[in-house]
Structure formats: structure tokens, C-alpha cells
Amino acid sequence: MILAAKEGDITTIIGGIAPNWGPFGDLGGEARVMIEVVMAVAILLCLGIAIWGAAKQRIGATALRDTFSAEQGKGLIVAGLTGVFIIGSLGTVFTIVYGMAV
């Protein structure tokens with residue numbers, strides 16, 4: 001019997017998931033941490049918007065019977081989750097665009 005992960009370890013798996021900074025690999029450690037903090041805050045803000053939208057949609061749909069509030073909540077949910085996706089994929093998008101330009 002041959003095991004597929006005979007020589008690998010957890011760092012092989014995590015290394016494949018961790019972002020490759022691509023063209024921004026020459027940035028200093030402080031700049032990377034600053035970018036990561038800004039992106040983390042933006043993701044938390046977008047998740048907060050999505051949670052607020054879910055609450056607004058739930059309250060508007062059930063308690064108040066307010067269809068406008070429910071529709072507005074759905075829009076906030078979509079906007080928040082779209083923001084999370086876009087911010088989460090910025091590293092990949094920048095690397096692809098930079099690779100196409102070179």
C-alpha cells in the first residue's frame with residue numbers, strides 16, 4: 001500500500017493555501033502587516049454590514065412586516081458578502097493582472 005502523503009506534512013498543505021505575495025514579495029514586513037491589517041478591518045466591516053443586513057431583513061420581514069426594510073436587508077447582505085469576496089481575492093487579482101502586464 002502506497003500513501004499519497006508519504007513525504008509531505010502540514011506545512012505543504014498550508015503553504016498551498018497561504019497567499020503568495022507575487023509582485024509585492026519585495027515589500028517589507030511592516031508593509032505586509034499593514035496591508036493585512038487594513039484588509040482584515042475591511043473584511044470585518046463587510047461582515048458587519050452583512051450581519052446588519054440579515055438582522056434588518058429578519059426584523060423587517062417578521063416583526064414589523066416592512067417589505068422595504070426586508071429588501072434593503074437583502075441588499076446589505078449581498079453587498080457585505082460581495083465585499084468580503086472581493087477583498088479576499090485582491091491578492092490573487094493583483095497577481096494575475098501584474099502577470100498579464102509583464
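Gly48 sits in helix H2 of this predicted model. With a relative accessible area of 36%, Gly48 counts as partly exposed. In sequence, Gly48 and Leu81 are 33 residues apart, yet their C-alpha atoms lie 9.7 Å from each other in space. This pair offers a handy way into the structure, and the following paragraphs widen the view from there.

The protein chain contains four helices and zero strands. Read from the N terminus, its elements follow the order α-α-α-α. The chain has 102 residues, of which 12% are buried. About 8000 Å² of the protein chain is exposed, and carbon and sulfur atoms supply 72% of that area. Contacts across the sequence can be looked at too: among those between residues at least 6 apart, 51% join residues at least 24 apart.

Helix H2 covers residues 29–63, and Val37 has its place there. Val37 has a relative accessible area of 46%, so this residue is classed as partly exposed, a class that lies between the 20% and 50% limits. On the surface, Val37 joins Val33 and Val41 in a nonpolar patch, and the three together have about 250 Å² of accessible area.

Helix H3 can be checked with a simple calculation. At 1.5 Å a residue, its 22 residues should span 32 Å, and the C-alpha atoms at its ends are indeed 32 Å apart, so the two values agree. The buried residues of H3 are Ser69, Ala70, Gly73, Gly80, Gly83 and Ile87. Viewed down the helix axis, these buried residues fall within an arc of 150 degrees, and therefore they line one face of H3. Turned away from that buried side is a face carrying the exposed residues Thr67, Phe68, Val78 and Phe85. A general feature of helices helps to picture such faces: an α-helix has 3.6 residues a turn, so residues three or four places apart point the same way.

Several residues of H3 show what lies around this helix. Ser69, a member of H3, is buried because its relative accessibility is 10%, which is under the 20% limit. When neighbours within four places in sequence are left aside, Ser69 is in contact with Lys56, Gln57 and Gly60. Gln57 appears again further along H3, in the surroundings of Ile77. Ile77 also belongs to helix H3, but its relative accessible area of 23% makes it partly exposed. Apart from residues up to four places away in sequence, Ile77 touches Ala50, Gly53, Ala54 and Gln57. Trp52 and Ile77 are 25 residues apart in sequence, with 7.8 Å between their C-alpha atoms.

Gly80, another residue in helix H3, has a relative accessible area of 0% and is therefore buried. Gly80 touches Cys46, Ile49 and Ala50, again not counting residues up to four places away in sequence. For one of these partners, Cys46, the separation from Gly80 is 34 residues in sequence but 4.4 Å in space, taken from C-alpha to C-alpha. Ala50 is thus a contact of Gly80 and also a contact of Ile77.

Val78 gives a contrasting view of helix H3. Its relative accessible area is 53%, so Val78 counts as exposed, the limit being over 50%. Val78 is 29 residues from Ile49 in sequence, and the C-alpha atoms of these two residues are 9.3 Å apart. Val78 is on the face of H3 turned away from the buried side, while Gly80 is one of the buried residues of that helix.

Charged side chains complete the picture of H3. In general, side chains of opposite charge can pair when their charged atoms come close. The model has one salt bridge by the distance rule used here, which asks for a side-chain nitrogen and a carboxyl oxygen within 4 Å. Its partners are Lys74 and Glu71, whose closest N and O atoms are 3.4 Å apart. Both residues are in helix H3, residues 67–88, and because they are three residues apart they are separated by about one helical turn. Lys74 has a relative accessibility of 40%, so it counts as partly exposed.

Conventions
Residues numbered from 1 in each chain as written. Predicted model: local features only at pLDDT ≥ 70, side-chain atom pairs only at ≥ 80, totals over all residues. Heavy atoms only, no water. Helix = DSSP H or I, 4+ residues; strand = E, 2+ residues; numbered from the N terminus. Buried < 20%, exposed > 50% of the residue type's maximum accessible area, 1.4 Å probe, protein only. Patch = residues over 30% accessible without salt bridge, like charges linked within 9 Å, V, L, I, M, F, W, Y side chains within 5 Å. Areas by Shrake-Rupley, 256 points an atom, 1.4 Å probe, with all protein chains shown as cover. Contact = heavy atoms within 4.5 Å. Expected span 1.5 Å × (residues − 1). Arc of directions from axis to C-beta.
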